[in-house]
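Please read the following briefing alongside the sequence and the coordinates. It moves from the sheets to the helices and then to the contact between chains.

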Amino acid sequence: MIAAGRRDRRAAKLAVVDARGDIRHLPRAALADLFQAGDLVVANDAATLPASLAGVHDASGATIEMRLAAWLRAGDPTRFLAVVFGAGDYRTRTEDRPLPPVLARGDRLTLGPLVAVVDDVVGHRRLVRLRFTGARGTVLGGLARHGRPIQYAHVPEPLALWDVWTAVAATPAAFEPPSAGFAVDWATIAGWRGRGVGFATVTHAAGISSTGDAVLDRLLPFDEPYRIPGGTAVAIARARARGGRVIAVGTTVVRALESASDGAGGVGAGDGVASGRIGRETALRVVDAILTGVHEPGESHFELLRAFAGDALLGGLVRTLSADGYRNHEFGDAMLLERRPLRTAAGMAAA
Amino acid sequence: MPINIDLSQLRIAITGGTSGLGLALVRLLTARGARVAFVARHADAVAQVAAETGACGVVGDVGRKDDIYPIALQVTGNLGGLDVLIHNASSLGPVPLALLADTDCEDFEAALAVNVLGPFRLTKALLGALAASAREGRGAIVITVSSDAAVVAYRSWGAYGASKAALRHMTAIWGEEAGADGIRFVSIDPGDMDTPLHWLAVPDADRSALRRADDAAVEVADALLAALPAACLAGVEG
């Protein structure tokens with residue numbers, strides 16, 4: 001559990017970075033006082049699956065850790081793309097984890113109360129398509145009892161589901177938490193509501209963020225299904241019509257909204273799949289600002305930030321936040337990065 | 001409850017679904033077409049009710065902190081979201097009932113765990129799903145099953161009465177806080193029912209004077225429909 005990290009949530013920091021690169025340092029609780037009437041904040045309400053499953057490769061008797069990494073059919077909890085590690089657990093850095101035994105199509109894996117069959121090995125010894133035997137409810141029950149949240153060596157305490165579900169977490173869709181959402185609690189949403197700042201959600205199935213294997217990491221992010229509720233599409237259109245900004249909570253919201261872009265600043269409602277990367281070459285059509293964790297060059301999340309700001313600005317930002325002691329892991333501090341300047345009060349009045 | 005009402009758009013979770021009022025609610029609401037997930041402690045009883053009603057059974061104990069998120073995961077994973085949460089599971093505290101002065105602390109704690117902390121934790125874990133339902137205009141409702149013992153000081157009902165009073169008040173405060181998020185909270189007192197819980201509490205009661213759980217379930221379902229936003233009700237009337 002990361003009780004310590006939870007307790008100092010109100011002490012967490014927030015860097016507000018405008019399009020010129022000027023930084024304001026605020027307590028994260030000040031988030032409720034940011035933005036202007038007519039703006040819309042969009043968060044990812046995906047709850048996080050306990051996607052790490054310890055078990056045994058039946059044929060060899062070798063112990064393995066299976067990390068569910070992506071859906072094969074959105075919402076079907078009996079079939080997944082998964083990354084397999086040999087013996088050990090999150091306390092060993094993923095880069096140092098041994099390979100699993102050689103897996104072959106049809107191999108049975110016993111994962112606690114669950115039994116899974118390897119349908120395919122997908123071009124790499126660690127990457128498989130997996131099918132659980134049993135009905136949906138049985139598999140969900142087995143995952144709920146036996147699965148653990150995917151976690152990494154930099155957080156030593158074992159995580160529980162309540163550590164990785166954001167306040168707005170709704171249906172289990174993500175494989176790792178949409179962690180920017182940890183900054184948003186119900187009082188924050190109430191604060192926005194009181195000031196005319198809208199709040200809406202998408203459900204985006206955030207996939208595994210790192211495998212520790214350079215070859216596999218180049219394939220990330222895997223295709224991620226998302227759902228955009230009708231109300232969210234309407235709220236975005238309304239914000240646009242009023243000259244309000246769309247603020248994405250986290251990189252997954254950027255992926256979903258830009259993937260669903262109608263090319264005119266709005267988005268289409270419904271189900272979709274986000275594929276490919278967002279980066280320096282991407283023209284953002286929907287999102288005006290991103291609330292995100294503090295990321296470092298080389299991480300795929302950092303690459304996405306290059307769609308918001310130039311390398312000089314981002315480089316200076318990383319140095320400044322590092323020097324100021326900002327914590328850069330998923331339970332750490334936050335920054336708000338704007339794609340274009342805040343509208344002035346006069347601009348608001350005109351709108 | 002009008003006999004012809006169709007609830008097929010509603011996704012409903014019920015705790016304590018294998019006995020008494022909870023079982024009657026699972027039967028009634030599945031018969032009306034609702035998509036129901038229910039929670040109970042004993043796997044055999046859960047499997048039996050699931051097979052009988054077609055509802056999705058979840059094995060878990062709402063009085064245990066470690067069970068709450070696995071329950072929430074299975075409820076929303078199986079139903080694809082959640083519109084209505086019914087906190088029905090109850091603990092009497094000491095059995096047989098006892099004066100407070102004779103009540104073991106552990107029995108009082110058990111009553112608080114099941115009757116207060118459990119509903120608090122499960123509501124919190126499922127609040128995101130309920131708020132999502134509200135944003136989609138589906139009408140998010142939390143119903144807690146209360147008791148006259150929450151209001152009246154009955155001798156020897158101390159652990160149960162105090163915990164039900166806390167539950168009733170907590171429900172009212174949730175309602176104040178989450179109303180703006182579109183989530184409605186309702187406390188219902190179904191009266192003294194002819195259920196296993198009541199047999200435990202009052203073994204020598206005249207059962208013919210007690211209310212049938214099936215009748216109380218209709219009242220709860222009516223309250224549920226009354227709490228749904230008008231737009232949703234228009235959508236569910238068959």
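The points below are grouped by topic.

The model is predicted, and the values quoted here are computed from it. In chain A, 6 strands close into a barrel and 9 strands form an open sheet, while the points on chain B concern its helices and what they pack against.

**The barrel of chain A**

- The barrel of chain A is closed by its strands in the order β5-β6-β7-β10-β9-β8, with antiparallel pairing, and the twist from one strand to the next averages 45°.
- Within the barrel, strand β5 (residues 52-57) of chain A pairs with strand β6 (residues 62-71) of chain A in the antiparallel sense, over 6 bridges, and A:Val56 has A:Thr63 in β6(A) as its bridge partner.
- Helix α2(A) lies across β5, β8 (108-111), β9 (114-121) and β10 (127-132) of chain A, and its direction is at about 105° to β9(A).

**The open sheet of chain A**

- The open sheet of chain A runs in the order β2-β1-β17-β16-β14-β3-β12-β13-β15, and its pairing is mixed; its edge strands, each of which pairs on one side only, are β2 (23-27) and β15 (270-274) of chain A.
- In this sheet the twist averages 25° from one strand to the next.
- The pairing of strand β1 (residues 13-17) of chain A with strand β17 (residues 334-338) of chain A is parallel and extends over 4 bridges, with A:Leu14 standing opposite A:Ala334 in β17(A).
- Helix α6 (residues 230-241) of chain A packs on the sheet, where it touches β3 (40-44), β12, β13 (224-228) and β14 (246-249) of chain A, and its direction makes about 135° with that of β12(A).

**Helices of chain B**

- Helix α5 (residues 158-178) of chain B has 21 residues, which at 1.5 Å a residue should span 30 Å, and its end C-alpha atoms are 30 Å apart, in agreement with that expectation.
- The buried residues of α5(B) include B:Leu167, B:Thr171, B:Trp174 and B:Ala178, and the buried residues of this helix pack against α4 (105-135), β5 (140-145) and β6 (183-188) of chain B.
- An α-helix has 3.6 residues a turn, so residues three or four places apart point the same way.
- For helix α3 (residues 65-79) of chain B, the 15 residues should span 21 Å at 1.5 Å a residue, and the end C-alpha atoms are 22 Å apart, which agrees.
- Helix α3(B) is mostly covered, with 13 of its 15 residues buried, and just after this helix B:Gly80 takes a positive phi of about 75°.

**A helix crossing in chain B**

- The axes of helix α1 (residues 20-31) of chain B and helix α7 (residues 213-227) of chain B come within 8 Å and cross at roughly 65°, and the crossing of α1(B) and α7(B) is right-handed.
- Among the residues that meet here are B:Leu21, B:Leu25 and B:Leu28 in α1(B), and B:Ala217, B:Val220 and B:Ala221 in α7(B); by class, the contact has 11 nonpolar, 1 polar and 1 charged residues.

**The contact between the chains**

- The contact between the two chains takes 24 residues from chain A and 17 residues from chain B.
- On the side of chain A that touches chain B, the elements giving two or more residues are α2 (136-146), α3 (161-164), α4 (186-194) and β12 (198-204) of chain A, and α2(A) gives the most, with 6 residues.
- By class, this side of chain A has 14 nonpolar, 6 polar and 4 charged residues.

Note on methods:
Residues are numbered from 1 along each chain as its sequence is written. Chains are lettered from A and ligands numbered from 1 in the order in which they are written. This is a predicted model: local features need pLDDT of at least 70, side-chain atom pairs count only at pLDDT 80 or more; totals for chains, interfaces and linings use all residues. Two residues are in contact if their C-beta atoms, placed from the backbone, lie within 7 Å. Ala, Val, Leu, Ile, Met, Phe, Trp, Tyr, Cys and Pro count as nonpolar, Asp, Glu, Lys and Arg as charged, and the others, Gly among them, as polar. Two strands pair if DSSP finds at least two bridges between them. Axes are lines fitted to C-alpha atoms, for helices over the stretch in contact, and angles run from 0 to 180 degrees between N-to-C directions. The expected span of a helix is 1.5 Å times one less than its number of residues. A residue is buried if 20 or more other C-beta atoms lie within 10 Å of its own, exposed if 12 or fewer, and partly exposed in between; C-beta atoms are placed from the backbone. A crossing is left-handed if the near helix is turned anticlockwise from the far one by less than a right angle, and right-handed if clockwise.
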